Amino acid sequence: MSIHRLLLVFVCAICVLPIVTRGQDQSPSPSTAELSAPHTEGLDPAAATKAWLDSVPADKRAKSDAYFEGGYWLILWDYLLGAAIMIFLLVSGISVRLRDFAERTTRSRTLQTFLYAIPFILIVTLLTFPLTYYEGFVRDHAYGLSTQSFGSWLSDQVKQGAVLMIALVILLVVLYGIFRRAPRTWWIWAVAVMALFSMLGSFVFPVYVAPLTNKYQLLNDAAVRDPILQMARANEIPVDHVYEFDASRQSNRVSANVSGFLGTTRISLNDNLLKQCTLPEIRVVMAHEMGHYILNHGAKLVMYSAIINFVSFGLLFVLFNAVIRRQGTKWRLRDISDPAALPLLILIYATITFLLTPVSNSVIRVTEREADAFGINTAREPDGMAKVALKLGTYRKLNPGEIEELIFFDHPSGRARIRMAMDWKAARLPAGGSN
């Protein structure tokens with residue numbers, strides 16, 4: 001099947017899947033007040049899940065659905081814009097001119113890659129800025145999710161962009177060193193390099209990069225801090241403090257994380273979580289994040305990504321060589337070691353990863369469900385879990401169709417999370433027992 005037909009299938013899925021939803025059960029369901037009662041004998045998880053979902057006003061559901069479904073289109077627009085920019089840099093000769101400039105400036109192949117990468121990244125950043133501005137600022141303000149002024153948002157973008165540029169330049173220098181030394185097996189070595197950079201990024205970003213845009217300080221409220229530390233100690237997480245950060249300066253979304261390694265492990269939650277959620281809800285969120293840490297999801301996701309990249313880079317190797325044979329002379333591209341061919345590499349790789357979006361989403365969604373299971377069994381707060389799922393439903397579609405969730409969701413839907421909580425509650429697990 002051609003790329004054009006695959007795109008057509010994807011667009012059709014975007015148009016059709018949002019309306020392929022489960023049939024609505026018209027039978028009466030218990031109220032959320034009844035569901036929150038400690039007595040759970042005879043609790044019907046399906047009816048209870050429906051009651052929680054029905055507690056959200058129709059206008060709020062419609063708004064969150066519209067926001068989330070708009071994200072389906074953004075997956076497509078992001079890909080098409082990126083592809084158009086890469087084709088433009090190839091066809092216009094800009095990429096070749098950047099390479100020629102680097103080669104005139106120095107004879108060092110490493111420095112040539114460095115001198116090519118910086119203007120290349122700047123050009124791509126400028127050309128993608130309008131869509132970045134719409135996605136990250138205009139759209140979130142339109143749906144009432146952002147609290148940030150344009151100046152503050154732009155400042156954060158510049159800081160994050162500077163860090164990203166440094167990381168990308170280093171990555172490209174390393175990759176092109178591999179391309180030059182292993183022109184036939186580069187795609188295998190590239191998988192290992194990408195995995196290493198991904199691992200370092202997942203560990204370094206929360207501890208060293210995130211504080212560039214947010215202020216982190218110790219959480220001193222013992223009523224919130226101590227229950228979190230108790231769960232951490234029970235699961236042998238090596239921390240003595242809990243941190244809070246001022247995410248409310250950017251948005252009203254709740255979030256938290258457990259991150260770090262080699263003595264840098266820290267538990268962090270944002271001030272929106274503290275302001276908007278009760279202690280049972282906070283416990284559920286923090287237990288979920290501890291689940292990611294305890295279950296080694298950071299390392300596992302890097303491994304899963306490496307497996308996907310192994311397939312992607314294998315296809316990239318074959319397709320890149322095929323295009324070079326047909327178009328290399330016309331576009332003045334030499335081989336895999338030529339920096340001027342970077343737009344072609346990105347174009348092919350972006351196309352492959354775009355088509356594999358349902359696969360990567362499913363991989364992440366499975367780990368999130370595992371963390372949900374760990375969280376509910378650790379916090380033992382089924383109603384808290386249901387309430388948090390509804391809060392996340394302000395910007396995530398609560399009740400998608402099954403195929404829709406499979407393709408577009410990288411987290412379990414609100415419906416799936418509430419059903420897990422109600423199944424757990426209906427089981428009436430004891431708080432403890434003898435051996």
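# Helix α8, the four-stranded sheet and selected loop residues

The buried residues of helix α8 pack against α7 (150–181), β1, β3, α12 (297–331) and α13 (342–355). The coordinates are those of a predicted model, in which local features require pLDDT of at least 70 and side-chain atom pairs count only at pLDDT 80 or more, while totals for chains, interfaces and linings use all residues. Residues are numbered from 1 along each chain as its sequence is written, and side-chain values use heavy atoms, with hydrogens and water left out.

## Helices α8 and α4

Helices (H or I, at least four residues) and strands (E, at least two) are DSSP runs numbered from the N terminus. The buried positions of α8 (under 20% relative accessible area; exposed is over 50%, and partly exposed lies in between, with a 1.4 Å probe and protein chains only) are Trp-186, Trp-187, Ala-190, Val-191, Val-193, Ala-195, Pro-206, Val-207 and Val-209.

Helix α8 covers residues 186–209, and although it has 24 residues, its end C-alpha atoms are only 30 Å apart. A straight helix would reach 34 Å at 1.5 Å a residue; the expected span is 1.5 Å times one less than the number of residues. A kink of about 30° is found at Phe-203, shortly before the proline Pro-206. The bend at a residue is the angle between axes fitted to the seven residues ending there and the seven starting there.

Helix α4 (residues 58–91) has 34 residues and spans 49 Å from its first C-alpha to its last, close to the expected 50 Å. A bend of about 25° is nevertheless present in α4 at Trp-73. Just after this helix, Gly-93 adopts a positive phi of about 85°.

## The sheet and its covering helix

Four strands form an open sheet: the 4 strands follow the order β1-β2-β4-β3, with mixed pairing. Because β1 (216–218) and β3 (256–259) stand at the edges, each with a single partner strand, one side of each is left without a neighbour in the sheet. On average, neighbouring strands of this sheet are turned by 30° against each other, direction ignored. Two strands count as paired if DSSP finds at least two bridges between them.

Strand β4 (residues 266–270) runs antiparallel to β3, to which 4 bridges join it. Across this pairing, Ala-256 stands opposite Leu-269 and Val-258 stands opposite Ile-267. The pairing of β4 with β2 is parallel, over 4 bridges, and Phe-245 stands opposite Asn-270 in β4.

In a regular strand the side chains alternate between the two faces of the sheet. In β4, Arg-266, Ser-268 and Asn-270 lie on one side, with Ile-267 and Leu-269 on the other, and both faces are covered. Burial extends to 5 of the 5 residues of β4. Helix α11 (residues 279–294) lies across β3 and β4 and runs at about 30° to β3. Axes are lines fitted to C-alpha atoms, for helices over the stretch in contact, and angles run from 0 to 180 degrees between N-to-C directions.

## Individual residues

The following table gives the placement and relative accessible area of selected residues.

| Residue | Location | Relative accessible area | Class |
|---|---|---|---|
| Glu-236 | loop between α9 (222–234) and β2 (242–245) | 70% | exposed |
| Asn-296 | loop between α11 and α12 | 48% | partly exposed |
| Glu-381 | loop between α14 (357–379) and α15 (382–392) | 22% | partly exposed |
| Ser-362 | helix α14 | 19% | buried |

Glu-236 has a phi near 60°, a positive value in a residue other than glycine. Asn-296 likewise has a positive phi, of about 55°, although it is not a glycine.

Glu-381 is in contact (heavy atoms within 4.5 Å) with Pro-280, Arg-283, Val-284 and Ile-376, leaving aside its neighbours within four places in sequence. The C-alpha atoms of Glu-381 and Glu-281 are separated by 7.5 Å, although these residues are 100 residues apart along the chain.

In helix α14, a polar atom of the Ser-362 side chain lies 2.9 Å from the backbone oxygen of Pro-358. The side chain of Ser-362 also makes a polar contact with the side chain of Arg-365, at 3.0 Å. A polar contact is a pair of N or O atoms within 3.5 Å; within protein, one must be able to donate a hydrogen and the other to accept it, and residues adjacent in sequence count only if both atoms are side-chain atoms.
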